[in-house]
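Here is a set of questions and answers on one protein model. The sequence and structure come first.

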Amino acid sequence: MGKGGALSDVVVKKIILSYTYVAIWIFLSFTVIVYNKYILDRKLYNWPFPISLTMIHMAFCSSLAIIAVRVFKLVEPAALSRRVYLTSVVPIGALYSLSLWLSNSAYIYLSVSFIQMLKALMPVAVYSIGILFKKDSYKSNTMLNMLAISIGVAIAAYGEAQYDSWGVFLQLGAVVFEATRLVMIQILLTSKGINLNPITSLYYVAPSCFVFLSIPWILVEYPILKQKSGFHFDFVIFGTNSICAFALNLAVFLLVGKTSALTMNVAGVVKDWLLIAFSWSVIKDTVTPVNLIGYGLAFLGVAYYNHLKLQALKAKEAQKKAQSADEEAGKLLEEREGDGNGRKGDSQS
């Protein structure tokens with residue numbers, strides 16, 4: 001096979017691998033969402049204890065991360081001082097615990113399909129909080145795009161057959177805390193040159209999440225669980241659920257590390273549509289035409305936002321290549337000038 005054929009094989013392999021990573025992430029994200037809904041929903045497994053479920057996930061993920069880092073030494077721990085840990089990692093852990101607690105709680109009150117529609121507000125929250133913390137600049141066209149997404153979600157909420165105000169409040173709270181966490185990762189970690197992969201992230205963040213969650217757990221859920229004398233811990237259900245949650249964290253690393261964060265955003269849109277279809281066809285959640293019109297508008301807004309981000313990334317890459325080419329051209333010119341001066345000196349002698 002010729003050179004061109006070899007190149008095309010490499011490209012095909014890269015495309016297949018990228019789609020494989022996307023498929024794995026979608027499958028695991030899909031599985032965790034549906035599994036959590038099954039456990040927490042009073043009509044299904046009927047174990048409505050979101051803090052306890054999140055704490056089980058954090059305990060499991062912490063244990064595996066500690067074994068991976070300390071025992072098998074699969075990855076090196078980051079060089080974090082106690083001060084950096086307390087001022088940077090712990091606040092992120094607190095935000096993550098609140099985000100997980102509220103998002104899992106929302107599954108008790110809202111359908112899977114409607115929760116995915118509300119999650120479309122994530123770019124709006126990240127952009128708004130980014131402006132608030134001066135990590136993003138205000139642009140009128142981007143803000144109009146955010147307004148379109150918000151209107152779409154509002155229409156979807158208006159058309160929701162199983163609307164629950166408390167559930168909506170919980171999910172919106174989860175979106176705000178998660179968006180704040182994403183911005184804080186940029187401010188507290190990335191800006192300091194600290195990059196954590198999913199295993200080291202879990203190694204540092206999961207234990208602090210567990211500690212933060214234990215406070216509301218003692219006050220809210222522990223007294224109720226204490227009275228439920230008939231409950232026996234189901235190792236199969238909670239074990240497989242925790243394995244899925246841990247695998248999802250690794251899949252995020254695989255997807256972002258081997259493709260890009262933008263690919264994950266686009267894949268997230270595909271996953272949301274699949275979940276809405278699954279929720280309607282299998283779980284038998286009611287999805288109204290108004291729901292779909294509203295989410296369709298929000299979807300277009302999110303797609304356009306991702307398109308703008310892609311264009312910005314391409315422009316940045318082109319600028320880097322142009323600068324690199326200019327630097328190389330400058331070096332070649334200097335070398336030629338040096339050679340010319342050398343020859344001139346030789347001829348004069």
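Q: Is Cys244 buried or exposed?
A: This is a predicted model, in which local features need pLDDT of at least 70, side-chain atom pairs count only at pLDDT 80 or more, and totals for chains, interfaces and linings use all residues. Residues are numbered from 1 along each chain as its sequence is written, and side-chain values use heavy atoms, with hydrogens and water left out. Buried means under 20% relative accessible area, exposed over 50%, and partly exposed in between (1.4 Å probe, protein chains only). Cys244 has a relative accessible area of 16%, so Cys244 is buried.

Q: How many disulfides does a search of the whole structure find?
A: A disulfide is a pair of cysteine sulfur atoms within 2.5 Å. For Cys61, the closest cysteine sulfur is in Cys209, at 9.7 Å, which is too far for a bond. Cys61 is also buried, at 1% relative accessible area. The number of disulfides found in the whole structure is zero.

Q: What is the order of secondary structure elements from the N terminus on?
A: Helices (H or I, at least four residues) and strands (E, at least two) are DSSP runs, numbered from the N terminus. The protein has 11 helices and zero strands. The order is α-α-α-α-α-α-α-α-α-α-α.

Q: Which helix gives the most residues to the largest nonpolar core?
A: A nonpolar core is a set of buried Ala, Val, Leu, Ile, Met, Phe, Trp, Tyr and Cys residues joined through side-chain atoms within 4.5 Å. The largest one has 53 residues, of which Trp25, Ile39, Trp47, Phe114 and Met117 touch the most other members. With 12 residues, the top contributor to this core is helix H1 (residues 3-40).

Q: Which residues does Ile39 touch, not counting those up to four places away in sequence?
A: Contact means heavy atoms within 4.5 Å. Ile39 is one of the residues that touch the most other members of the largest core. Its partners are Tyr45, Asn46, Trp47, Leu53, Ile237, Phe238 and Asn241.

Q: How many residues are in the second, separate core?
A: In soluble globular proteins, nonpolar side chains tend to be buried together. Here the second core includes Ile51, Val69, Leu189 and Cys209. Its count is 29 residues.

Q: Where is Phe72 placed?
A: At 59% relative accessibility, Phe72 counts as exposed. The place of Phe72 is the loop between helix H2 (50-71) and helix H3 (82-109).
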